[in-house]
2 protein chains.
Amino acid sequence: MIYLAQHEGEGPQPLKNIAELGMPDQYLEQLLGNLRRAGLVTTVRGAQGGYQLSRSAEEITARHIIEAMEGPLNLSECVGEEGHTCPRGGQCTARGVWAYLTDEINGLLDSITLSNMLKNDIKGDM
Amino acid sequence: MIYLAQHEGEGPQPLKNIAELGMPDQYLEQLLGNLRRAGLVTTVRGAQGGYQLSRSAEEITARHIIEAMEGPLNLSECVGEEGHTCPRGGQCTARGVWAYLTDEINGLLDSITLSNMLKNDIKGDM
DNA sequence: TCTAATTCCGACTAAATTTATCGGATTTCG
DNA sequence: CGAAATCCGATAAATTTAGTCGGAATTAGA
């Protein structure tokens with residue numbers, strides 16, 4: 001995604017370009033499929049085709065990307081969707097912690113955009 | 001750990017008590033070994049033996065527990081220890097994000113104690 | 001219209017990690 | 001001594017992640 005952001009406006013980038021650094025391209029293709037289905041990249045098929053961001057780098061967050069790749073953050077079965085059939089009846093003391101951490105981390109991920117990553121201006125400078 | 005905190009001061013709790021809820025006890029034993037080696041629980045061997053917290057529930061954080069079980073939070077090879085041999089020479093744009101997230105999440109984990117969990121007073125109430 | 005470039009797709013395989021099991025050795029209370 | 005426990009290393013099973021394969025569909029350009 002950073003690669004695509006760096007080449008924003010240059011037309012669709014073929015897999016081979018993106019895979020440059022030793023990542024197997026058939027695998028990358030699979031991963032890009034997730035990003036496409038999540039609506040983060042658009043593709044052009046056929047010769048001169050390739051992948052590009054579907055919207056501006058400012059409008060794509062770390063959370064968008066991570067959720068596209070791995071689904072919603074799931075630190076524990078306990079939190080998240082209902083049908084979790086926890087043996088403890090869903091009322092154990094740990095649950096609140098997981099819920100809290102999930103919210104906080106999602107908040108962090110929401111606050112980071114692709115554009116931030118490019119410019120290296122992540123809050124707190126590190 | 002929550003179980004042990006709930007039984008603080010009642011003497012060592014044997015595995016079987018802790019495993020109560022359907023968790024295989026031989027596996028739990030293995031996990032408790034990690035907590036012991038990390039210094040979070042102390043054990044008494046032999047009859048009437050068992051596990052107990054090595055210090056007060058206020059002094060044990062979520063981070064202590066998670067690091068005992070899984071080692072230091074490692075969101076990406078890029079950050080953390082030096083010898084990571086990243087093909088990009090260790091200078092890619094994503095690195096700052098991982099470093100930032102690692103710090104922030106560690107901070108969150110530092111701020112939650114076992115005692116907080118028991119009382120369900122996690123900051124931000126959820 | 002043909003060809004080369006390229007994405008798309010489902011199924012499969014391989015590697016790594018996590019979860020669990022086994023069999024005993026050791027310790028300690030009563 | 002005997003029963004109740006933890007300790008330990010090895011192995012096995014299950015799950016997840018990473019990667020491979022073979023081909024079908026699409027499209028630009030000659």
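Here a colleague asks a modeller how some descriptions of this predicted model are reached.

Colleague: Let's start with the DNA. What makes a residue count as near DNA strand C?

Modeller: One of its heavy atoms has to lie within 4 Å of the strand. In this model, 23 residues surround DNA strand C, and the closest are Leu15(A), Glu29(A), Arg36(A), Thr43(A) and Gln30(B). Of the atoms of DNA strand C that come within 4 Å of the protein, 59% belong to sugar and phosphate.

Colleague: Why is the pair between Thr43(A) and a phosphate oxygen of DNA strand C called a polar contact?

Modeller: A polar contact is a pair of N or O atoms within 3.5 Å. An N or O atom in the side chain of Thr43(A) is 2.5 Å from a phosphate oxygen of DNA strand C, so the pair is a polar contact.

Colleague: And how do you know that Tyr51(A) and Ala47(A) make polar contacts with DNA strand C?

Modeller: Use that cut-off of 3.5 Å again. The side chain of Tyr51(A) has an N or O atom 3.4 Å from a phosphate oxygen of the strand, so this pair qualifies. For Ala47(A), a polar backbone atom is 3.3 Å from a base nitrogen, so that pair qualifies too.

Colleague: Which elements supply at least two residues each of the surface near DNA strand C?

Modeller: They are helix H3 (25-37), strand E1 (41-44) and strand E2 (50-53) of chain A, together with helix H3 (25-37) of chain B. The largest share, 4 residues, comes from H3(A). Sorted by class, this surface has 8 nonpolar, 10 polar and 5 charged residues.

Colleague: Now two helices. How do you describe a packed pair?

Modeller: Two packed helices are described by the angle between their axes and the distance between the axes. For helix H4 (residues 62-70) and helix H5 (residues 95-110) of chain A, the axes come within 6 Å and cross at roughly 115 degrees. H4(A) contributes Ala62(A), Arg63(A), Ile66(A) and Glu67(A) to the contact, while H5(A) contributes Asn106(A), Leu109(A) and Asp110(A). By class, that gives 3 nonpolar, 1 polar and 3 charged residues.

Colleague: What makes a residue of chain A buried, and what percentage of the chain is buried?

Modeller: A residue is buried if its relative accessible area is under 20%. Of the 126 residues in chain A, 40% are buried. The accessible surface of chain A comes to about 7400 Å², with 47% belonging to carbon and sulfur atoms.

Colleague: And how many helices and strands does chain A have?

Modeller: Chain A has 6 helices and 2 strands, and along the sequence they follow the pattern α-α-α-β-β-α-α-α.

Technical notes
Residues are numbered from 1 along each chain as its sequence is written. Chains are lettered from A and ligands numbered from 1 in the order in which they are written. This is a predicted model: local features need pLDDT of at least 70, side-chain atom pairs count only at pLDDT 80 or more; totals for chains, interfaces and linings use all residues. Side-chain values use heavy atoms; hydrogens and water are left out. A polar contact is a pair of N or O atoms within 3.5 Å; within protein, one must be able to donate a hydrogen and the other to accept it, and residues adjacent in sequence count only if both atoms are side-chain atoms. Ala, Val, Leu, Ile, Met, Phe, Trp, Tyr, Cys and Pro count as nonpolar, Asp, Glu, Lys and Arg as charged, and the others, Gly among them, as polar. Axes are lines fitted to C-alpha atoms, for helices over the stretch in contact, and angles run from 0 to 180 degrees between N-to-C directions. Contact means heavy atoms within 4.5 Å. Buried means under 20% relative accessible area, exposed over 50%, partly exposed in between (1.4 Å probe, protein chains only). Accessible areas come from the Shrake-Rupley method with a 1.4 Å probe; for residues, only the protein chains shown count as cover.
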